[in-house]
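Here is a short report on a few parts of this model. Keep the structure in view as you read.

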Amino acid sequence: MAFINDHYLELQDSYLFANIARKVNEFVAQNPDKKLIRMGIGDVTRPLVPAVIEAMHKAVNEMGEAATFRGYGPEQGYDFLHEAVQAYYAKMSVSLEKNEIFISDGAKSDVGNITDIFGNENIVMIPDPVYPVYVDTNIMSGREIVYLDSNESNGFAPLPPTTEDVSPDLIYLCSPNNPTGAAYNREQLTAWVNYAKENNAIILYDAAYECFISDPSLPRSIFEIEGAKECAIEFCSLSKTAGFTGTRCGYTIVPQALKGFNADGDEVAINKLWLRRQTTKFNGVPYIIQCAAAAVFTEEGQKQIKENIAYYAENARIIASTMEECGITYFGGQNSPYIWLKCPDNMKSWDFFDKLLNDIAVVGTPGAGFGNNGEGYFRLTAFSNHENTQEAMDRFKTLFKK
C-alpha cells in the first residue's frame with residue numbers, strides 16, 4: 001500500500017491563481033468580443049533586454065561547438081555569475097563570499113525548497129496577508145504556523161511581537177511585500193534582525209522585488225542590516241528585475257555565519273546543509289540561462305533593465321493616481337510594482353473581483369486569496385503595458401470616480 005503525505009489534504013483544493021484563471025476563462029468564453037485587461041498575476045510584459053539576448057545567443061553558439069560545449073555545471077552556479085552577484089551586492093555595501101551564493105531557477109523554488117533542511121517541529125511565523133507559497137509549503141510539511149497580524153494600522157509592515165507567548169523558529173518576511181507593496185525601512189528591519197537573534201530564529205527574507213526600491217533610505221537587502229548574516233537567508237529573483245519569468249533564474253544567499261541546531265543542541269552550518277540539499281536534488285541552472293543572467297549585471301544590462309523597471313514604475317504611478325482620484329485607500333505604488341487597494345463600499349474581495357471582471361473586463365487579484373487579513377482588499381499589478389494600464393484605469397474611473 002502506497003501511503004500519501006496526509007498534510008497535502010490540508011491544503012485548499014484550488015490554488016489562488018487557478019481560481020482566477022477559471023473565472024477568467026469562463027468570462028472570455030462568454031464574452032469573446034470584449035477586450036480583457038489582465039492586472040492580476042504578476043507576470044511581466046516587457047521583453048528581455050538586448051544585452052541579455054546577445055549573451056544568450058553567444059552562449060547558444062558556444063554550446064554548438066565541441067571546444068566550448070558545456071555539460072553538467074556546478075549545482076550552485078558558475079563562478080562568473082557568482083562574481084556578478086557579488087559585485088551587485090557590493091554596491092549595497094554588502095560583502096559576499098562566492099560559496100554563500102546559490103544560483104537557482106527562481107525565488108519561488110528556493111523559498112519552497114528551503115524547508116527541506118529544517119525540522120518539521122519548527123514553529124513558523126508568517127505575515128497575513130502573504131504570498132501563498134510560504135503557507136502552503138509549510139502545511140505540506142506539517143509545521144505549526146503562527147500568523148503575524150499585517151494590517152492597515154501598521155501599514156502592512158508589522159514589527160516583531162512584544163509578547164512571549166509566541167516563539168517562532170522560522171520567520172518569513174518579504175520587502176517590498178507581495179501582495180501589499182509595503183517596504184520595510186532600516187529601523188524596522190533592524191528590529192526584526194535583533195528579534196531573530198534574541199530568539200535564535202532564522203529569517204527567510206524574500207527580496208524578489210528589491211529592484212523597485214527607488215528610495216535610497218530603504219534597504220534593498222537584509223544584509224545591509226548589521227548582524228543579519230547571523231540570522232537570515234535571502235532569496236532574490238531575476239523574474240521581475242529583468243523579465244526572467246519565462247527564462248527562470250534567481251539566487252539565494254546563505255551566509256557562512258548562519259547556524260541552526262541539531263537534536264542535541266549543537267550548532268550546524270546552514271550553508272553546508274543547503275549545499276548538500278542542492279547537490280542532491282538539483283542539477284543547476286542551464287549554462288545559457290546563467291550567461292544571460294550575468295549580462296543583467298553588466299553596465300549595459302543594468303542600464304537597459306532600469307529602463308524597463310522605470311516603465312513599470314510609471315504604470316504603478318498611473319494606478320496610484322487613479323486610486324487617489326477615486327478616493328480609494330491604497331498601499332504600495334511606490335518602491336513596489338503592486339498596488340494594494342481597499343475595496344470600495346466595503347465589498348468583499350471576490351465580489352470586487354467579479355465586479356471588475358464583469359463590468360469593465362479588468363482582472364486583478366482578490367486580497368482574500370492572500371490570507372484572512374486580505375479580505376476586503378485587492379491587488380493590482382503594474383506589469384501590463386502603458387496603453388492597457390491607462391485604459392484599465394479609465395474604465396475603473398467610470399465605476400468609482402467621485
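Strand β7 (residues 232–237) pairs with strand β8 (residues 250–253) in the antiparallel sense, over 4 bridges. This is a predicted model. Within that pairing, phenylalanine 235 has threonine 252 of β8 as its bridge partner.

β7 also pairs with strand β6 (residues 202–206). Here the strands run parallel, and 4 bridges join them. Phenylalanine 235 appears again: it is the bridge partner of aspartate 206.

How many of the 6 residues of β7 are buried? The count is 6 of 6, and the strand is mostly covered. The side chains split between two directions. Ala232, Glu234 and Cys236 point one way from β7. Ile233, Phe235 and Ser237 point the other way. Residues of both sets are buried.

**Helix α2**

Next comes a helix with two sides. Helix α2 spans residues 50–63, 14 residues in total. From first C-alpha to last, α2 reaches 20 Å, close to the 20 Å expected at 1.5 Å a residue.

Which residues of α2 are buried? They are Ala51, Val52, Ala55, Met56, Ala59 and Glu62. These residues lie on the same side of α2, because they cover an arc of only 130 degrees around the axis. The elements that cover them include α9 (287–296) and α10 (299–325). The other side of α2 carries exposed residues: Pro50, Glu54, His57 and Asn61.

Glu62 belongs to the buried set, and glutamate 62 also forms a salt bridge with lysine 58. Both residues lie in α2, 4 residues apart, about one turn of the helix. Are the two partners buried or exposed? Lysine 58 counts as exposed because its relative accessibility is 54%, and the cut-off for exposed is over 50%. Glutamate 62 counts as buried because its relative accessible area is 14%, and buried means under 20%.

**Salt bridges**

The structure holds 15 salt bridges. Three of them are listed here, with the N to O distance for each.

| Salt bridge | Helix | N to O distance |
|---|---|---|
| Arginine 22 and glutamate 26 | α1 (residues 16–30) | 3.5 Å |
| Lysine 58 and glutamate 62 | α2 (residues 50–63) | 2.7 Å |
| Lysine 355 and aspartate 359 | α11 (residues 349–360) | 3.0 Å |

Take the pair in α1. Arginine 22 and glutamate 26 are 4 residues apart, about one turn of the helix. What exposure does each partner have? Arginine 22 is partly exposed, at 41% relative accessibility. Glutamate 26 is partly exposed, at 40%.

Now take the pair in α11. Aspartate 359 and lysine 355 are separated by about one helical turn, because they are 4 residues apart in that helix. Aspartate 359 has 44% relative accessibility and counts as partly exposed. Lysine 355 has 27% and counts as partly exposed.

Salt bridges can also share partners. One such network joins Lys35, Glu391 and Arg395.

**In short**

β7 pairs with β6 in parallel and with β8 in the antiparallel sense. Its 6 residues are buried. α2 has buried residues on one side and exposed ones, including His57, on the other. In α2, an exposed lysine 58 meets a buried glutamate 62 in a salt bridge.

Key. Residues are numbered from 1 along each chain as its sequence is written. This is a predicted model: local features need pLDDT of at least 70, side-chain atom pairs count only at pLDDT 80 or more; totals for chains, interfaces and linings use all residues. Side-chain values use heavy atoms; hydrogens and water are left out. The expected span of a helix is 1.5 Å times one less than its number of residues. Buried means under 20% relative accessible area, exposed over 50%, partly exposed in between (1.4 Å probe, protein chains only). The arc is that of the directions from the helix axis to the C-beta atoms. Contact means heavy atoms within 4.5 Å. Two strands pair if DSSP finds at least two bridges between them. A salt bridge is a side-chain nitrogen of Lys or Arg within 4 Å of a carboxyl oxygen of Asp or Glu.
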